[in-house]
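Q: How should one read strands, helices and cores in a structure like the one shown here?

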Amino acid sequence: MTNATNPLLDFTDLPRFDLIQPEHVKPAITQLLADGRSLIESLTAEGTPATWSDFAGALSDGLEGLGRAWGVVGHLHSVNDVPAWREAYNEMLPEVSRFYTELGQNLKLFDKYRALKASPEYATLNAEQKKIVDNEIRDFRLGGAELPEEQKPRFQAIMEELSQLAAKFSENLLDATNAFAEVVTDEAQLAGLPDYAKEAAREVAQKAGIDGWKFTLHAPSYGPVMQYADNRELRARMYRAYATRAAEIDNGYSKPEWDNGPLMKRILELREEDAKMLGFANFAEVSLLPKMADTPVQVLAFLRDMAKKAKPFAEKDMAELLAFAKDELGIADFQPWDAAYVSEKLQQARYAFSAQEVKQYFIEPKVVGGLFKVIESLFGLLVKPDTAPVWHEDVRFYRIETPAGELVGQFYMDLYARETKRGGAWMDEARSRKHQAGGVQKPIAYLNCNFARPVGGKPATFTHDEVITLFHEAGHGLHHLLTRGTELGVSGIHGVEWDAVELPSQFMENYCWEWEVLQGMTAHVDSGEPLPRALYDKMLAAKNFQSGMMTVRQLEFSIFDMRLHCEFDPKGERTVMDLIREVRDEVAVLVPPEWHRFPNSFSHIFGGGYAAGYYSYKWAEVLSADCYAAFEEAGNPFDPVVGKRYLDEILSKGGSRPALENFKAFRGREPSPDALLRHSGMIAA
């Protein structure tokens with residue numbers, strides 16, 4: 001195979017998912033790394049002037065291919081984690097990490113950027129170009145460029161090891177999740193479970209050649225058992241298996257080599273070493289440097305202030321749950337594996353509907369069509385089906401265009417859970433928008449979810465929470481696709497502060513509660529009738545059901561993450577579990593058992609990019625609720641003037657100016673938490 005025939009190196013248009021195989025990874029990435037190194041050598045040569053076109057722009061354009069090819073490899077590792085792809089990804093991960101660490105420490109590059117900043121040309125650059133130069137200088141400092149030469153190899157080794165540990169953390173969690181199965185042979189044991197959950201479990205069992213019903217720890221299987229199964233022992237077994245994934249506890253199915261405990265300790269040690277080498281007191285300070293928030297103290301104050309406001313509501317929620325469990329269900333010794341079940345029963349009793357009843361109205365074709373209609377109504381654009389090579393037969397491909405037919409961007413949608421796909425939901429980019437010779441390169445996104453696939457010849461049905469998840473990821477997608485950025489470094493979500501990245505995603509969630517939206521995006525799976533107004537009114541009444549409990553849970557994770565990275569000593573006597581127990585004493589109302597190992601599956605901070613950044617969800621929720629309030633004040637969720645301003649000042653700007661400036665340009669003032677508290681039912685409307 002020559003490089004000319006390697007489909008991973010074909011950047012003419014869309015990724016060649018019909019041709020790309022694991023054996024293409026090593027030759028393609030090796031070639032791109034070598035090309036990248038020779039490009040850097042020529043750009044850092046004395047004869048290359050420190051100008052935008054000769055240096056900064058040329059570097060960005062020259063390294064784009066590596067970013068795109070490695071992005072495809074990482075994507076396939078996430079959505080098709082079979083042994084061959086895992087091996088291909090892990091073989092090249094250290095090489096790619098090493099390249100980017102070397103890049104971040106290259107003093108000659110750093111000097112060129114500083115020379116450009118100091119030159120008369122800097123004043124003539126546009127806002128995007130200036131922002132890129134400023135971000136690069138900041139990131140070189142964070143990448144260890146100013147370290148003494150003798151310390152750089154150690155810093156590089158830390159970065160490589162951290163990237164490998166993060167990948168291993170996620171793999172251990174996936175392997176531990178996949179290893180467990182609960183097989184039920186007596187249907188009487190499944191009382192309370194909705195038909196769709198039983199049908200799905202029956203199909204999984206049949207595929208495995210087993211009689212009966214097979215339940216797993218993947219969300220579409222685990223969630224319904226915890227929420228609906230009358231069988232308390234079944235819930236307890238599933239809960240314990242889920243709570244002890246990738247932990248040191250022998251639960252009968254996990255392997256010692258999947259224990260994420262030692263990995264967490266090592267990750268925290270390396271992050272602390274990284275921070276100290278760079279001259280920071282702790283890793284949280286490193287993490288916050290490119291974010292909106294300034295210091296760990298400020299973040300913890302924000303989180304504790306939210307906790308103070310939310311905890312009385314959470315305690316009230318918990319008291320109601322315990323009373324209902326005891327008085328109505330005869331559960332006197334309430335346990336955490338009863339929480340989702342009792343909540344569902346209480347919600348049914350109080351609001352006379354269940355999540356299962358609502359789910360029947362959210363059929364996939366209507367939900368997807370409803371999402372597209374929201375995008376079209378808000379931004380005056382069109383969303384149409386399109387064709388492209390895909391990595392799995394379930395994947396769909398779409399284009400967004402202007403009414404005049406001009407292409408804005410394209411995206412893939414991969415909605416169903418598979419055993420080879422990592423859990424959760426996420427947006428990722430396949431290509432970013434930029435100006436190039438001959439026009440504009442249009443952006444492409446991936447939208448990935450883990451919903452239950454269609455069963456029994458009917459369309460897939462989604463819970464309302466899943467509909468919200470889809471809208472959330474579409475919000476990230478719009479941030480990437482509707483950018484007007486012309487330079488890669490600040491196009492779409494590039495260069496956007498991490499604690500503002502969730503603003504567009506959380507903003508879109510609001511539309512899942514608008515009657516005019518739901519009318520058009522629902523049809524009962526059997527009758528085809530739209531969602532009845534009476535059921536919608538009950539949903540709305542129940543919208544803030546247990547919002548106090550949900551808020552303190554998010555705050556528990558956020559405070560734990562921030563304290564873990566600013567005050568915890570990974571070499572000290574205290575363990576990670578000691579710290580989370582302390583945090584729970586402070587904010588939690590539903591405390592899990594001693595053996596619960598939540599940190600071992602907290603992949604956001606150990607396997608993803610949220611270390612000392614999990615607070616971003618709440619921080620951005622303040623921003624997104626305040627943005628949506630502008631539409632509420634206008635009296636129309638699709639107000640064209642406000643919609644255009646939101647597109648112009650927030651979505652289209654990408655990372656070209658600070659997120660706070662984007663917000664103030666849209667709202668005309670600083671953010672306020674009032675809208676979020678009102679939307680959550682924690683202050684009067």
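A: Start with strand pairing. In this predicted model, strand β5 pairs with strand β9 (residues 444-451) in the parallel sense, over 6 bridges. Within that pairing, Gln410 has Ile444 of β9 as its bridge partner.

Q: Which strand runs antiparallel to β5, and how many bridges join the two?

A: That is strand β4 (residues 396-401), joined to β5 by 6 bridges. One bridge partner pair is Glu401 with Leu407 of β5. The two strands make a hairpin with 5 residues between them. In the turn, Gly405 has a positive phi of about 95°.

Q: Is β5 enclosed or open to solvent?

A: In general, side chains of a regular strand alternate between the two faces of the sheet. For β5 (residues 407-416), 10 of the 10 residues are buried, so the strand is largely enclosed by the rest of the structure.

Q: What is in contact with Phe411, leaving aside neighbours within four places in sequence?

A: The residues in contact with Phe411 include Phe372, Val383, Ala445, Leu447 and Leu481. Arg396, Phe397, Tyr398 and Ile400 are also in contact with Phe411.

Q: Which residues have the most contacts inside the largest nonpolar core?

A: They are Phe379, Phe411, Met413, Tyr511 and Tyr646, in a core of 145 residues. Helix α12 (residues 296-329) gives the largest share of this core, 12 residues. Another core lies apart from it and has 54 residues, among them Leu59, Leu63, Val79 and Leu116.

Q: Now a helix. Why do the buried residues of α25 line one face?

A: The general idea is that an α-helix has 3.6 residues a turn, so residues three or four places apart point the same way. In α25 (residues 659-667) the buried residues are Ala659, Asn662, Phe663, Phe666 and Arg667. Seen down the axis of α25, these buried residues fall within an arc of 115°, so they line one face of the helix.

Q: What do the buried residues of α25 pack against, and what follows the helix?

A: They pack against α23 (616-634) and α24 (640-651). After α25 comes Gly668, with a positive phi near 75°.

Q: A last case, from a loop: is Gln546 buried or exposed?

A: The test is relative accessible area, and buried means under 20%. Gln546 has 11%, so this residue is buried. Gln546 is found in the loop between α19 (533-541) and α20 (547-566). Leaving aside neighbours within four places in sequence, Gln546 is in contact with Asp317, Leu321 and Ser343.

Terms used
Residues numbered from 1 in each chain as written. Predicted model: local features only at pLDDT ≥ 70, side-chain atom pairs only at ≥ 80, totals over all residues. Heavy atoms only, no water. Core = buried A, V, L, I, M, F, W, Y, C linked by side-chain atoms within 4.5 Å. Buried < 20%, exposed > 50% of the residue type's maximum accessible area, 1.4 Å probe, protein only. Helix = DSSP H or I, 4+ residues; strand = E, 2+ residues; numbered from the N terminus. Contact = heavy atoms within 4.5 Å. Arc of directions from axis to C-beta. Pairing = 2+ DSSP bridges.
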